[in-house]
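Here is a set of short exercises to work through with the structure open beside you. Try each task before reading its solution.

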Amino acid sequence: MKKKLLAGVIGLSMLASMGAGAYAASNLQEIKAYLNSGLKFKVDGVPVQLRDGNGSTVLPITYKGTTYLPVRAVSDTLGVAVNYDAKAGTVHLGERSEGVAILDGFEDMYQTKDPSKTSYNGKDYKEVYLNNATGSRSGSFMLYPKKKYQKLYLQVAAVGKDIEELKIQESGSLKELLQTSVTMDEGLKTIEVDIGGIEALYINADLVDGGAMFVPLIASYYK
């Protein structure tokens, strides 16, 4: 429903989040339009206020009887990923056709390239997150999709002991997006979760003594 609604209301006023520069000079045409402060919005019956990436209120624009809405504000309101590729002059909405490895921008103390730790079931994944439990404790890390992607495909293996509970939450609000378990019998399990409109994620697993969480950072990806 959200994607259909988005397609019906997205307009052209994207300049505030893209920047103008040389692209603007060669492709933009000056027009006379009007900011429309009288238009109100509801999503699934709930009133909403359109805001830009900095949290400031933005208004729709009316031009020749048609109302145009800011892409980023509408996308954030509907939980649809949006990203602007300045080099290609392209706005990406929703799920990408190609995946982007979570390794890009990933940093954690349990991240390793040690060849003795990066293999699982005979395959070397080159760079992984490997958290070995000493006693019962949590294994957790952060991801930063920055609202650019619609889906996360996270690969996780339980090593030594089953992972009885793994949660993926929106950082800050700690809104739970998914809760699951990962057993040793499942091997390398692919977990799919909708992350549209989310800036940062908190992944947390309950580990037990003798168990570990194995996450290949190149094989896990955003789309």
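**Exercise 1. A covered strand**

Which residues of S19 are buried on one side, and which on the other?

*Solution.* Before starting, note that this is a predicted model, in which local features need pLDDT of at least 70 and side-chain atom pairs count only at pLDDT 80 or more, while totals for chains, interfaces and linings use all residues. Residues are numbered from 1 along each chain as its sequence is written, and side-chain values use heavy atoms, with hydrogens and water left out.

Step 1. Fix the terms. Buried means under 20% relative accessible area, exposed means over 50%, and partly exposed is in between, using a 1.4 Å probe and protein chains only. Helices (H or I, at least four residues) and strands (E, at least two) are DSSP runs numbered from the N terminus.

Step 2. Sort the residues by side. Ala212, Phe214 and Pro216 are buried on one side of S19, and Met213 and Val215 are buried on the other. In a regular strand the side chains alternate between the two faces of the sheet.

Step 3. Draw the conclusion. Five of the five residues of S19 are buried, so this strand is largely enclosed by the rest of the structure.

**Exercise 2. Partners of S19**

Find the strands that pair with S19.

*Solution.* Step 1. Two strands pair if DSSP finds at least two bridges between them.

Step 2. Strand S12 (residues 128-132) runs antiparallel to S19, with five bridges. Here Tyr129 has Val215 as its bridge partner.

Step 3. S14 is also antiparallel to S19, through three bridges. Look for Ala157, which stands opposite Phe214.

**Exercise 3. The largest nonpolar core**

Which residues touch the most other members of the largest nonpolar core?

*Solution.* Step 1. A nonpolar core is a set of buried Ala, Val, Leu, Ile, Met, Phe, Trp, Tyr and Cys residues joined through side-chain atoms within 4.5 Å.

Step 2. The largest such core has 28 residues, and Leu152 and Met213 touch the most other members. Strands that each supply at least two of its residues include S13 (137-143), S14 (151-159), S17 (189-194) and S19 (212-216).

Step 3. Now list the surroundings of Leu152, taking contact to mean heavy atoms within 4.5 Å. Leaving aside neighbours within four places in sequence, the contacts of Leu152 include Ile102, Leu143, Ile168, Ile191 and Tyr222.

Step 4. Look for another core. A second, separate one has eight residues, among them Val43, Leu50, Val58 and Leu69.

**Exercise 4. An open sheet**

What is the strand order of the open sheet of four strands, and which strands stand at its edges?

*Solution.* Step 1. The order is S13-S18-S15-S16, with antiparallel pairing.

Step 2. S13 and S16 stand at the edges; each has a single partner strand, so one side of each is left without a neighbour in the sheet.

Step 3. Check the pairs. S13 and S18 are joined by seven bridges, and Ser140 has Asn204 as its bridge partner in S18. S15 and S16 are joined by five bridges, with Ile168 and Leu178 as bridge partners.

Step 4. Follow the turn from S15 to S16. These two strands form a hairpin with five residues between them, and Gly172 in the turn has a positive phi of about 95 degrees.

**Exercise 5. One residue of S16**

Describe the surroundings of Thr180.

*Solution.* Step 1. Thr180 lies in strand S16.

Step 2. The side chains of Thr180 and Lys189 share a polar contact of 3.0 Å. A polar contact is a pair of N or O atoms within 3.5 Å; within protein, one must be able to donate a hydrogen and the other to accept it, and residues adjacent in sequence count only if both atoms are side-chain atoms.

Step 3. Leaving aside neighbours within four places in sequence, Thr180 also has Glu164, Glu165, Leu166 and Ile191 among its contacts.

**Exercise 6. Positive phi**

Where are Lys146 and Lys147 found?

*Solution.* Step 1. Lys146 is in the loop between S13 and S14, and Lys147 is in the loop between S13 and S14 too.

Step 2. Phi is positive at about 55 degrees for Lys146 and near 65 degrees for Lys147. Most residues other than glycine have a negative phi.

Step 3. Lys147 counts as partly exposed, at 23% relative accessibility.

Definitions and conventions. Contact = heavy atoms within 4.5 Å.
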